[in-house]
Amino acid sequence: MSIGEQRLQRRMARGIEFLGSETAILCGAMSWVSERNLVSAISNAGGFGLIACGAMTPELLDAEIAGTKALTDKPFGVNLITMHPQLFDLIDVCAKHGVTHIVLAGGLPPAGSLDAIKGNGAKLICFAPALSLAKKLIRSGVDALVVEGMEAGGHIGPVSTSVLAQDILPEVSEQVPVFVAGGIGRGEAIAGYLDMGAAGVQLGTRFACATESIAHPNFKKAFFRASARDAISSVQIDPRLPVIPVRALKNASSELFTAKQREVAQLLDEGKVEMLEAQLQIEHYWAGALRRAVIEGDVDNGSLMAGQSVGMVTKEEPVADIIAQLMAEAAAALEKRAA
């Protein structure tokens, strides 16, 4: 083992122990993409796969977890959306299957959800888009954090990964494992965040077009053609409707989303829906738009959620090769720093 590989193993040791995987590399939960085939491939290759539950019913999640367990005996987790109306039923499904790690995305854990998850013996990971929220989540008892910057694909916050990492890692990385995400496409960046105190990293865009990904060939080709500047953030048109921005490749769906926001805002004005229902309608819109692109291959009207690292995705390759390349790059970077 080279000096760089030794340094990499030491820096990833905490994340590896927490996840139970061979590397401290999580795959971001990408709706319609992070399903049994990609999740199992990532876990089998030494990473940590995450099933994207999204808008799934408990019955669908039950089948997806069972399908994933049939393809791997390595650890994997499940990503749940906090605003899902059947959140507690989904938590029960995870408990039934002995899921070891649950990621809650989309806001603070609702009352009782943290106790329900940890009471079943699972480890809870939450997103921290600000230092104050990171500290609050740690006080509430979460086991680990993901610090994700605006360079990421899908739902994003307003602050870049590098700034969040500088703000949050020095303050909390000794208290709980922290995984950095957003715009990471090469191992050199992984090495940098590990040096800053991260326990590991989370990547989505690099895995979206893996050989094992079920994404439609049209979806993958759109990624191969894209550059970083093609992955743009959606625009919020009505401040009364707190829509979390989404980063995706620019296409006709960007205009469709603007129209959808206007439609939902009008329903709010007319008192025909409550705020939670309005937000759910937006989430269901994204679920449908993603399906059109990922499953049906409609890259004009579907949503092509991608992070700004999309320019580094240039070909279809096996998950094992992607992880091996990332680890080799990170080790080489750490070896240079040791010289």
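## Exercises on rings, sheets and a core

Ring pairs join Phe 257, Tyr 285 and Trp 286 into a cluster. Keep that cluster on screen as a warm-up; the model you are looking at is predicted.

### Exercise 1: Aromatic pairs

Task: Find out how many aromatic pairs the structure holds, and classify the pair formed by Phe 18 and Phe 179.

Solution, step by step:

1. Searching the whole structure gives 5 aromatic pairs.
2. For Phe 18 and Phe 179, the ring centres are 6.2 Å apart and the planes stand at 40°. Planes under 30 degrees apart would count as stacked and over 60 as edge-to-face, so this pair is tilted.
3. Now place the two residues: Phe 18 belongs to helix 1 (residues 3-19) and Phe 179 to strand 8 (residues 178-181), so the pair ties together parts that are 161 residues apart in sequence.
4. Check burial. Phe 18 has a relative accessible area of 9% and is buried; Phe 179, at 0% relative accessibility, is buried as well.
5. Turn to another tilted pair, Phe 219 and Phe 223, with 4.7 Å from centre to centre and 35° between the planes. Here both residues lie in helix 10 (residues 217-225), 4 residues apart, which is about one turn of the helix. Both are buried.

### Exercise 2: A charge and a ring

Task: Which ring has the charged end of Arg 291 over it?

Solution: Look at Trp 32. The charged end of Arg 291 sits over its ring, 5.4 Å from the ring centre.

### Exercise 3: The parallel sheet

Task: Work out the strand order of the open sheet of 8 strands, then locate Phe 179 within its pairing.

Solution, step by step:

1. The order is 1-9-8-6-5-4-3-2, and the pairing is parallel.
2. At the edges are strand 1 (25-27) and strand 2 (49-52), each pairing on one side only.
3. Neighbouring strands of this sheet are turned by 25° against each other on average, ignoring direction.
4. Strand 8 pairs with strand 9 (residues 200-203) in the parallel sense, over 3 bridges. Phe 179 has Gly 200 of strand 9 as its bridge partner.
5. Finish with helix 4 (residues 87-96), which lies across strand 3 (76-81) and strand 4 (101-105) and runs at about 170° to strand 3.

### Exercise 4: The antiparallel sheet and the loop after strand 7

Task: Describe the sheet of 3 strands, and decide whether Ser 160 is buried or exposed.

Solution, step by step:

1. The 3 strands form an open sheet in the order 7-11-10, with antiparallel pairing. Its edge strands are strand 7 (154-155) and strand 10 (231-233).
2. Strand 7 meets strand 11 (residues 246-249) over 2 bridges in the antiparallel sense; His 155 has Val 246 of strand 11 as its bridge partner.
3. Ser 160 is in the loop between strand 7 and helix 7 (161-172).
4. The relative accessible area of Ser 160 is 19%. The cut-off for buried is under 20%, so Ser 160 is buried.
5. Leaving aside residues up to four places away in sequence, Ser 160 touches Gly 149, Met 150 and Glu 151.

### Exercise 5: The nonpolar core

Task: Which residues touch the most other members of the largest nonpolar core?

Solution, step by step:

1. The core has 111 residues, and those touching the most other members are Ile 25, Leu 61, Leu 80, Ile 190 and Phe 207.
2. Helix 13 (residues 319-338) gives the most to this core, with 9 residues.
3. Zoom in on Leu 61: not counting residues up to four places away in sequence, its contacts include Ile 51, Val 78, Leu 80 and Leu 90.

Conventions
Residues numbered from 1 in each chain as written. Predicted model: local features only at pLDDT ≥ 70, side-chain atom pairs only at ≥ 80, totals over all residues. Heavy atoms only, no water. Phe/Tyr/Trp six-rings, centres within 6.5 Å; stacked < 30°, edge-to-face > 60°. Buried < 20%, exposed > 50% of the residue type's maximum accessible area, 1.4 Å probe, protein only. Lys NZ or Arg CZ within 6 Å of the ring centre and 35° of its normal. Core = buried A, V, L, I, M, F, W, Y, C linked by side-chain atoms within 4.5 Å. Contact = heavy atoms within 4.5 Å. Pairing = 2+ DSSP bridges. Axes fitted to C-alpha atoms, helices over the stretch in contact; angles between N-to-C directions.
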